Amino acid sequence: MSEFSRSMTPTERRAAFSIAGIFSTRMLGLFMIFPVFALFAQEEFADVTATQIGIAIGIYGLTQAFLQIPYGMLSDRFGRKPLIIVGMLVFMLGSIICALAESIEMMIVGRAIQGMGAVAAVLMASVADLVSEQFRLRAMSIVGLTIGFSFTASLVVGPMLGELFGVRGIFWVIAGLGVLGIMLVLFAVPKIEQQSFQREAEADPSQFKDVLKNPQLLRLDIGVFVLHAILTAMFIVVPFLIRDTAGLDSMHHWELYLPVMLLSFVLMVPFIIQAESKGRMKPIFVGAILTISLMQLALLYGASGFWSVFLILMVFFTAFNLLEASLPSLVVKLSPADKKGTASGVYSSSQFFGAAFGGALGGWLYQTFGLEGLFGFTAAIGFLWFLLAATMVKPMPLSIASVPITAKLEDAELPGLVEKLLTYDGVNEVVFRLDEQRVYFKVDRQKVDEAGLIEYLEKGLS
């Protein structure tokens, strides 16, 4: 019987937290500019249009979406750390171009290059390489929490840094974060002794067709596309609303964002507990989508002073943070056992495409039709997502586990083994990959004793 530790090893903890730190440097770098960029661009660049502002805010998503899966595939060949360092150097180059940009066109180029440092898939594969399967979910949860915290911090820290150093100074700080990320790669991330293709964390191109044809996963891909389209479009005009309606100049916007984001995190927690622990994921998830849609209309018709803007943004970000936490969890629950990496890759690309789409179209709508055009668009796509999500299946509390197999098996033996393993309490799906000598499970971790499952598997193979 395999021996199972009750806690991560020091090396696994170091891997989880150092990789989470690298994620943080990129997330802060990409999003710190959101709360201040529209005002900066209007003041800095002559004859700048709302369309150009929207493109500059969201263009990073386009290059990120196209390159993140190729980065992961290249890292299989050339190594994780070299690809992460290359990505961080590209990210730094884009940040420096933004800091020096004398035109909105050059700013757009810089933001696009920032997105080209698309190392997210490589980082997740590194987690899978460095952390044993029994703690992989925990390690990825640490990374996920860090990403969420970094996004929240970026909305507060961005205006603070803008007050201290100006908006161009923010881009220099972002370039410095790239240096910090490289230092973490070189000196904090453990050496990867045995690197291999990680089906749980990396995309397999041969699975794209199956994943894109899966209606439940497609709902989630469309959902994250819409969510980030709404977010990016909002930030074309929210800085102006805070300045003109809430009465705060651009360098003091953090005074609104700080309590809004802190309260939204606190308010989100009871809903997460209800969704994950009480089996109420679907109604809470669908309710959060309806909430962000209604808040678009509230920003259009109800933003009339500081406290109304405060309340609307607090409710919006409570629902937004809830959806940001729930969507990746739903991808795991609904993806086939051996397709999690591909499903996550398509999901992540959809998120970044949504940011680019929302920035470009949202900017054009604001430029052409004003606030009614922009918030009418964000409300409409939110309501369409609400209708689509209402038809999703009720998700079961499942996660994915994988176990290496050493016994030599023939294809003819597999149906019987699968049938036998499905009788184990808490096992919902079984997929053997003989080319990898590994078996993938969809399991209810509240029921499955992993050590017992492996012992049961070994007996079945003997």
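Q: Which elements each supply at least two residues of the lining of the largest cavity?
A: A cavity is a set of points where a 1.4 Å probe fits but cannot get out. In this predicted model, α7 and β1 each supply at least two residues of the largest cavity's lining. The largest share, four residues, comes from α7.

Q: OK, which residues line the largest cavity, and how do they divide by class?
A: Glu133, Arg136, Leu137, Met140, Glu200, Val332, Lys340, Ser399, Ile400 and Arg445 line it. By class that makes four nonpolar, one polar and five charged. About 70 Å³ of space lies inside this cavity.

Q: How many cavities of 30 Å³ or more does a search of the whole structure find?
A: Two. The second largest has a volume of about 40 Å³, and its lining consists of Gln216, Arg219, Leu220, Phe285, Leu334, Trp385, Ala389 and Met392. Sorted by class, you get six nonpolar, one polar and one charged. Helices α9 and α13 each supply at least two of the lining residues, with α9 giving the largest share, three.

Q: What about pockets: what volume does the second largest pocket have?
A: Unlike a cavity, a pocket is an open set of points. The second largest pocket has a volume of about 600 Å³. Of its 30 lining residues, Val131, Ser132, Glu133, Arg136 and Arg438 are the closest to its centre. α6, α7, β1, β3 and α15 each chip in at least two residues, and the lining splits into ten nonpolar, nine polar and eleven charged.

Q: Let's pick one residue of α6, Asp129. Is Asp129 buried or exposed?
A: Buried means under 20% relative accessible area. Asp129 comes in at 14%, so it counts as buried. Its side chain makes a polar contact with the side chain of Arg80, at 2.6 Å. A polar atom of the Asp129 side chain also lies 3.5 Å from the backbone nitrogen of Ser196. Leaving aside neighbours within four places in sequence, Asp129 is in contact with Arg80, Ile192, Gln194, Gln195, Ser196 and Gln198.

Q: Arg80 belongs to α4. How do I check the span of helix α4?
A: Take 1.5 Å times one less than the number of residues. For the 21 residues of α4 (residues 80-100) that gives 30 Å, and the end C-alpha atoms are 31 Å apart, which agrees.

Q: And which α4 residues are buried, and what covers them?
A: The buried ones include Arg80, Leu83, Ile84, Phe91 and Ile97. Their cover includes α1, α3, α5, α6 and α7.

Terms used:
Residues numbered from 1 in each chain as written. Predicted model: local features only at pLDDT ≥ 70, side-chain atom pairs only at ≥ 80, totals over all residues. Heavy atoms only, no water. Buried < 20%, exposed > 50% of the residue type's maximum accessible area, 1.4 Å probe, protein only. Contact = heavy atoms within 4.5 Å. 1 Å grid on protein atoms, 1.4 Å probe; cavity = no way out; pocket = protein on both sides within 12 Å on 5 of 7 lines; lining within 4 Å. Points joined across faces, edges and corners; volume = space filled by probe spheres on them. Nonpolar A, V, L, I, M, F, W, Y, C, P; charged D, E, K, R; others polar. Polar contact = N/O pair within 3.5 Å; in protein donor to acceptor, adjacent residues only side chain to side chain.
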